[in-house]
Amino acid sequence: MRAELRYLNNASVGLTSPGVSARLRDWLEAEAAAWPQQRVESADWDLQTTRERAGALIGAPATQLALAESTSLAMARALATLSLRGKRVLVAPGTWASDIVMLRRLGGEPPRALELLATHADGSLDLTAISTQLGEDVAAILTPLVTSIEGRRYDVEGLGALSRPDHCALIVDAAQGLGQTPIDVRRLGCDVLVATTRKWLRGPRGMALAYFSQATLASMRPNPLAELAGLRLDAPSQRFIDQPQARRFDASDVSLLNQLSLTAAIEELAAIGVTRLREHVLGLAGLAYELARAQGLTPLLATPESGIATLHLPEAQPLAVAQRLSAAGIAAKVCNIAAEPLNVRLPTSGALVRLAPHWHNDADDIRAALAALAGTRPDTAAAAAQPASLP
């Protein structure tokens, strides 16, 4: 008999809530009762509400928010409009692999230099050293808000407060932050922020948000990835021109259903409260750290900085660990370090297991996951059985 599923993989895809599913069902039923085109036209008001609620979630006006299909595509639209040729780009060690690939492919000749942001010995950003890196030849700074593998919460506020050239855009990948930690783009001091809705926000798949500051919108080149959603027809000239403000970065294929269900996800997060959710997942990550250390496993950080708890099993084989977790009914992530190619702090041997709990998880879920991991090391099975209290 298959074990009860304990879903601890919210850093990959958040477990869709009943409220979001109900919103999707209700809209489809209403569409079936009317002409589809009539239903689409009647949804305009709801779609604007979605954009306004999403903007308010990150402290931005709706006019500075674009909708995309994924974080990577939102990032591509931003990077493709910056003047990067022959310039230095400063990147944080935990930057996602696809962002690195895009920077290299958009480089031109001679290739741009990708330079790591300076860090302290513990992996946190060294703001004093970074201030010396910020010369006139730096075109952009690229950093995640929360790293995907370690769960490190970078001091983006401190980074945004540093003096930098006017043309140097601070671009933040908040895919692992949106929903589990408060975000205010003004406090972050960023020029661009992109984030998916399918992880900690528990919204729909196939959708992401992109914020652009007014200064960045004014300085960016025309969007080379223009789609009809980002264009409008100028009647006198019968030519398509860019939409005003951030709307010119809108993607054409963002599902109408996704946009409507995103409002439900934001409402549910508001009912929980971002601060309460953050405290909850930090507590569960802390319990995972406590139990892991009792079993001789090593968390990647000294203390959890987000709802991500990634543990190093130095003697384990990744495939065997994944199979063990699956057999125990644990949905968790066995990480591949290639996803963060510039993060030299990641172990290169053994297995990395990422536990990413959400509001629907409790201490029993964490204990069950650690008990399953104890099975990969027979000498720690007894230690895993010992009770532990949630910090």
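Here is a walk through this predicted model, starting at its sheet and ending in its nonpolar cores.

Let's begin with the sheet. Seven strands make it up, and if you step across it you meet them in the order β2-β8-β7-β6-β5-β3-β4. The sheet is open, and its pairing is mixed. At the edges sit β2 (65-68) and β4 (113-116), each of which pairs on one side only. Neighbouring strands here are turned by 20° against each other on average, ignoring direction. As for what holds such an arrangement together, strands of a sheet pair through backbone hydrogen bonds, either parallel or antiparallel.

Now zoom in on strand β3, residues 88-91. With β5 it pairs in the parallel sense over four bridges, and there you can spot Val91 standing opposite Leu142 of β5. Strand β3 also runs parallel to β4, joined to that strand by four bridges. On this border, Arg88 stands opposite Ala113 in β4.

What about the two faces of β3? In a regular strand the side chains alternate between the two faces of the sheet. In β3, Arg88 and Leu90 are on one side, with Val89 and Val91 on the other, and all of them are buried, so both faces of this strand are covered. Have a look at helix α5 (residues 97-105) too: this helix lies across β3, β4, β5 and β6 (169-173), and runs at about 145° to β4.

Next door to β3 in the sheet order is β5, residues 138-144, and that is where you'll find Thr143. Is Thr143 buried or exposed? Its relative accessible area is 1%, and the cut-off for buried is under 20%, so Thr143 counts as buried. Leaving out residues up to four places away in sequence, Thr143 touches a whole list of others, including Ala92, Thr95, Tyr154 and Leu159, as well as Leu170, Ile171, Val172 and Asp173.

Finally, the cores. In soluble globular proteins, nonpolar side chains tend to be buried together. The largest nonpolar core in this model has 51 residues, and Ile58 and Leu193 are the ones with the most contacts inside it. Helix α10 (residues 256-272) gives this core its largest share, six residues. Take Leu193 as a guide: setting aside neighbours within four places in sequence, its contacts include Ile58, Val172, Ile183, Leu209 and Tyr211. Val172 is a residue you have already met, as one of those touched by Thr143. Apart from this core lies another, of 29 residues, and among its members are Met75, Leu82, Ile100 and Phe249.

Definitions and conventions
Residues numbered from 1 in each chain as written. Predicted model: local features only at pLDDT ≥ 70, side-chain atom pairs only at ≥ 80, totals over all residues. Heavy atoms only, no water. Buried < 20%, exposed > 50% of the residue type's maximum accessible area, 1.4 Å probe, protein only. Contact = heavy atoms within 4.5 Å. Pairing = 2+ DSSP bridges. Axes fitted to C-alpha atoms, helices over the stretch in contact; angles between N-to-C directions. Core = buried A, V, L, I, M, F, W, Y, C linked by side-chain atoms within 4.5 Å.
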